[in-house]
Amino acid sequence: MLNAEQMADYERDGFVLVKGVLTPEEAAALRQEAHDVLARINDTSDPTWGSAREAAGGRQTRLQHCHDTQFHSAAFSRLLVDRRWTEVAGQTIGTPNVQLHHTKLFVKPPENGSPFPMHQDHPFFPHTHHRMGAVIFFLDGASEEKGCLRVVPGSYKQGPQEHLEEGSYHLSAETWPPEQAVPVPCEPGDAIFFSYLTVHSSGVNTSSEARTTWLIQYRDPADPPLTDQHTHSLGQGMILAGIDPTGRKHAAAGDATGGPAMGGPAMGVMGTMGG
Ligand SMILES: O=C(O)CCC(=O)C(=O)O
């Protein structure tokens with residue numbers, strides 16, 4: 001649970017770093033699991049955003065990924081319903097009911113791990129009441145050199161911003177200079193929770209170690225999606241804490257009957273399903 005001070009931080013800044021959600025041992029075990037999953041699927045596609053090239057100063061960078069990771073390893077399924085984070089997630093969206101939107105594992109390889117340009121997650125999957133957030137678990141920590149997350153404190157209060165679409169939704173550097181974003185370094189087992197309206201980015205991993213993270217995007221099940229973007233993630237609509245008071249009405253935007261949000265095209269490229 002967030003204490004009153006952490007809750008005040010979240011309300012002011014639109015993000016909160018929670019230290020030690022996982023023990024260092026748990027983080028290390030999940031890190032190993034993550035790299036084992038990536039080795040098994042041997043997916044050579046690279047989800048680096050087209051617009052990341054500019055953020056990387058023109059250099060070619062690399063990113064490894066696995067979406068819907070809980071369909072590859074039960075270690076991730078267990079974490080999905082772990083109350084150490086679901087209670088915090090509920091606090092950030094103002095309800096005890098927490099619903100899965102999607103998950104994604106990212107590894108920024110050593111030396112040239114891809115950055116993420118400045119963006120809000122909102123344009124990828126807009127919702128009516130903005131009761132949508134993400135948690136990123138840092139499985140091997142992230143210093144500035146490793147390409148840690150960077151956020152613009154308080155930016156969520158400005159509401160949805162106009163994004164440039166080319167190379168995946170990102171913000172213009174004139175309107176949102178990247179220097180505005182403050183680095184949030186993490187140790188293994190730490191987690192950052194942030195609103196889908198919080199402007200964020202992350203840098204190139206120039207260190208000699210991989211940066212391994214698992215992101216869970218969650219929402220209030222009673223917050224209707226405004227579009228049918230990004231409705232095909234496996235398990236979308238699963239209740240991670242509490243209940244679905246709508247009787248699965250909004251389990252997936254394209255699925256008004258509340259049937260399982262499955263069977264869509266496999267997603268691979270951040271340009272089509274990022275955020
Ligand atoms: O992993 C990161 O550094 C940022 C990820 C992110 O911003 C995203 O997936 O939208």
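Me: What makes a radius of gyration of 17 Å agree with a compact globule for this protein?
Reply: Start with the rule, which is 2.2 Å times the number of residues to the power 0.38. For 275 residues a compact globule would come out near 19 Å, and the protein has 17 Å, so the value agrees. Keep in mind that this is a predicted model. Its C-alpha trace spans about 50 × 40 × 40 Å along the principal axes.

Me: What does the model contain in terms of helices and strands, and how much of the protein is buried?
Reply: The secondary structure comes to 6 helices and 11 strands. Buried residues make up 51% of the 275 residues. As for contacts between residues at least 6 apart in sequence, 87% of them join residues at least 24 apart.

Me: Why is Ser168 called buried?
Reply: You count C-beta atoms within 10 Å, and the cut-off for buried is 20 or more. Ser168 has 25 such neighbours, so it counts as buried. You'll find Ser168 in the loop between β6 (149-151) and β7 (182-184).

Me: Why is Arg59 called exposed?
Reply: Here the cut-off is 12 or fewer C-beta atoms within 10 Å. Arg59 has 11, so it counts as exposed. Arg59 is in a loop too, between α3 (52-55) and β2. Its C-alpha atom is separated by 26 Å from that of Glu162, a residue 103 places away along the chain.

Me: What is unusual about the phi of Ser168?
Reply: Most residues other than glycine have a negative phi. Ser168 isn't a glycine, yet its phi is positive, near 85°. His230 is another such case, with a positive phi near 55°. That residue is in the loop between β10 (211-219) and β11 (239-241). With 24 other C-beta atoms within 10 Å, His230 is buried.

Me: Which residue with a positive phi follows helix α5?
Reply: That's Gly94, with phi near 70°. The helix itself covers residues 83-93, and its buried residues are Trp85, Thr86, Val88, Ala89, Gly90, Thr92 and Ile93.

Me: How do you know that Ala89 has contacts far along the chain, and which residues are they with?
Reply: A contact needs C-beta atoms within 7 Å. Leaving aside neighbours within four places in sequence, Ala89 is in contact with Val98, Gly133, Val135, Phe193 and Tyr218. Ala89 also belongs to the largest nonpolar core, which has 53 residues. Ala89 is among the residues with the most contacts inside that core, along with Val135, Ile136, Phe137, Ala191, Ile192 and Phe193. The largest share of the core, 6 residues, comes from strand β5 (residues 132-138).

Me: What makes strand β3 "mostly covered"?
Reply: Just look at the count: 11 of the 11 residues in β3 (98-108) are buried.

Me: How do you know that β3 pairs with β10, and which other strands does β3 pair with?
Reply: Two strands pair if there are at least two bridges between them. β3 and β10 have 9 bridges in the antiparallel sense, with His102 standing opposite Gln217 in β10. Strand β2 (residues 64-67) pairs with β3 over 4 bridges, also antiparallel, and there Cys66 stands opposite Leu105. β3 and β11 have 2 bridges, again antiparallel; Gln99 has Ile239 in β11 as its bridge partner.

Me: Why are β4 and β7 called edge strands?
Reply: The open sheet here has 4 strands in the order β4-β9-β6-β7, with antiparallel pairing. β4 (116-119) and β7 each have a single partner strand, so one side of each is left without a neighbour in the sheet. From one strand to the next, the twist averages 30°. The partner of β4 is β9 (residues 200-202), paired over 2 bridges, and one bridge joins Phe116 to Ser202.

Me: Where does the pLDDT stay under 50?
Reply: Look at residues 253-273, for which the model has 39 contacts beyond four places in sequence. Where pLDDT is low, the predicted coordinates should not be read in detail. Over the protein, pLDDT averages 91, and 91% of the residues score at least 70.

How values were computed
Residues numbered from 1 in each chain as written. Predicted model: local features only at pLDDT ≥ 70, side-chain atom pairs only at ≥ 80, totals over all residues. Core = buried A, V, L, I, M, F, W, Y, C linked by C-beta atoms within 7 Å. Contact = placed C-beta atoms within 7 Å. Axes fitted to C-alpha atoms, helices over the stretch in contact; angles between N-to-C directions. pLDDT = per-residue confidence, 0-100.
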